[in-house]
Structures are given as C-alpha cells and as structure tokens.
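Good morning, colleagues. Please take a moment to look at the model on the screen before I begin.

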Amino acid sequence: AGGIAGHAFSSTFVNTSSTGFVSATGYSIKVGGLVGSHVGASGNTLSYITNCYATGDVTGTTPEGNSYQVDTGGLVGFSQLTTSIINCYATGDVTSSGIENTNRVTAGGIIGYTETEIHIRDCFATGDVSGTGKCSNYFVGVGGIVGRLHANSDVENCYAIGDVSGTGTGDSAKVYVGGIAGTPYYSDIVNSYALNQHVSAS
C-alpha cells in the first residue's frame, strides 16, 4: 500500500506528494507514505525519487498466525530497484508490527527495507519510527531514515528527528535500532545527523 502507488515497477517519481494516512494488514506487507513496493527488472537502470514528500502516518501490521514480513517506511516501504532518493522528506509517524511468528519487521522514516543499492541524499524524517515483532528466524530493524540498508548504499546529508524504537518479542529475536539506520550492511553514512531524543531497543 502506498499514498501514490502500492506496487511500482521500474518507475520514477518527481515532484510528487501524499498527505493521507496509509495502512495495510496482511501476510506479507509493504507500506509507504508514497510507494509501498518499488521493484524493477534485473539489470534495470537507476531510478529516481526526487523532490517528493509524504506527511501522513504509515502503519503496517501482520495478523495473528504465521506471517512472512512487514516493511514500512515514511516514503517507501520496500525497494528492490537501484534508486536515488534525493531532496525528499516524510513527517508522519511510522509503525511496523509483526504480531506473531513474523520472518522480518522493518521500519524507517524514509524507507523500511532495501534489497538492492540505494542512495539517499538531502532527505529528512521528523516522525516517530517504531517496529515490533516476534521474529525468531530473522530480525527487527528500525531506523530514523532507513530500517535495513543494503550493501553499497549510502545516506548523505540527511537527518532524523523523531524517536526510534524496536522491540523483539520472540525468544531469539534480533533487534537493530539506529537514529539513522537500523542495520546498514557494507554501506556509508555521510554528513548525516541523528537528532532523535530517544533511540531504544528491547
């Protein structure tokens, strides 16, 4: 689910905005204030999300019972397309909840989960970001800008203000929480600022 597009394939967004509340509940959830799921063909050229914003709260929830994943972001929930996100912002609160036996829970002020190279530049997020899940097999990842950042990605000249929190309820749940990125993987964070009052994991 997305304020502008639920599932975008090899798409570019320029001077685009959404102001409404966005929410989704289901087995495998990808929710974003602007775009829920942003994907493309293998070898696709670089995509852009430029001069865009979303101001509504964003919520993703998996129901009781076995569920796969929930990725929630203030701008983009899930990305599987090499993308540059430039001069964008999100101001709504972001909440990602895996009720029971969820494989993965991510939440980010700008983007929840990246499965390929992403470049985030000159962006900011001001809402609170939280992720909660019973994730015995994988993890809970929560960040003021991005929940999970893929290899060879970077966050540059960005800042986050809202509180950031992550909670794992499974016996062996891994919880990664950061003011900018919950779990950056072989990535760079440059000239960026975590201005959050509270960052917590439990």
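I shall start with phenylalanine 124, which is partly exposed, with a relative accessible area of 23%. Buried here means under 20% relative accessible area, exposed means over 50%, and partly exposed lies in between, with a 1.4 Å probe and protein chains only.

Before I continue, a word on the source: this is a predicted model, in which local features need pLDDT of at least 70 and side-chain atom pairs count only at pLDDT 80 or more, whereas totals for chains, interfaces and linings use all residues. Residues are numbered from 1 along each chain as its sequence is written, and side-chain values use heavy atoms, with hydrogens and water left out.

Let me turn to the aromatic residues. A search of the whole structure finds six aromatic pairs. Rings of Phe, Tyr and Trp (its six-membered ring) pair if their centres lie within 6.5 Å; planes under 30 degrees apart count as stacked, over 60 as edge-to-face, and the rest as tilted. Phenylalanine 124 and tyrosine 159 have ring centres 5.1 Å apart and planes at 5 degrees, so this pair is stacked. The two partners come from distant parts of the chain, 35 residues apart: phenylalanine 124 belongs to strand β18 (residues 124–125) and tyrosine 159 to strand β23 (residues 159–160). Strands, at least two residues of E, are DSSP runs numbered from the N terminus.

Is tyrosine 159 buried, partly exposed or exposed? Its relative accessibility is 31%, so tyrosine 159 counts as partly exposed. Tyrosine 159 touches Cys123, Phe124, Ala125, Ile145, Ile180, Tyr193 and Leu195, leaving aside residues up to four places away in sequence; contact means heavy atoms within 4.5 Å. From histidine 119, 40 residues away along the chain, tyrosine 159 is separated by 14 Å between C-alpha atoms. One aromatic cluster is formed by Tyr53, Tyr89, Phe124 and Tyr159.

A second pair has another geometry: tyrosine 185 and tyrosine 186 are edge-to-face, at 4.8 Å centre to centre and 85 degrees between the planes. Tyrosine 185 is partly exposed at 43%, while tyrosine 186, at 68% relative accessibility, counts as exposed.

Two rings also carry a charge over the face. A charge sits over a ring if NZ of Lys or CZ of Arg is within 6 Å of the ring centre and within 35 degrees of the ring normal. Lysine 30 lies over the face of phenylalanine 78, 5.0 Å from the ring centre. The charged end of arginine 104 sits over the ring of tyrosine 113, at 3.6 Å from its centre.

Next, the sheet. Six strands form an open sheet in the order β4-β9-β14-β19-β24-β29, with parallel pairing; two strands pair if DSSP finds at least two bridges between them. Which strands lie at the edges? They are β4 (22–25) and β29 (199–201), each of which pairs on one side only.

At one edge, four bridges join β4 to the parallel strand β9 (residues 58–62), with alanine 24 opposite glycine 60. The side chains of β4 alternate: Val22 and Ala24 point to one face and are buried, whereas Ser23 and Thr25 point to the other and are not. At the other edge, three bridges join β24 (residues 164–168) to β29, again in parallel, and glycine 166 stands opposite alanine 201.

Within the sheet, serine 97 is found in β14 (residues 94–98). Serine 97 has 19% relative accessibility and therefore counts as buried. Beyond four places in sequence, serine 97 touches Gly60, Thr61, Thr62, Val70, Val105 and Thr132.

Finally, the interior. A nonpolar core is a set of buried Ala, Val, Leu, Ile, Met, Phe, Trp, Tyr and Cys residues joined through side-chain atoms within 4.5 Å. The largest such core has 27 residues, and those with the most contacts inside it are Ile49, Leu75, Ile110, Ile120 and Ile145. Two or more residues of this core come from each of β1 (5–9), β17 (118–121) and β21 (146–149). Another core, of 13 residues, lies apart from it, and includes Val70, Val105, Ala107 and Val142.

I close with valine 31, placed in strand β5 (residues 28–32). Valine 31 is buried, with a relative accessible area of 0%. Valine 31 and glycine 6 are 25 residues apart in sequence, and their C-alpha atoms are 7.6 Å apart in space.
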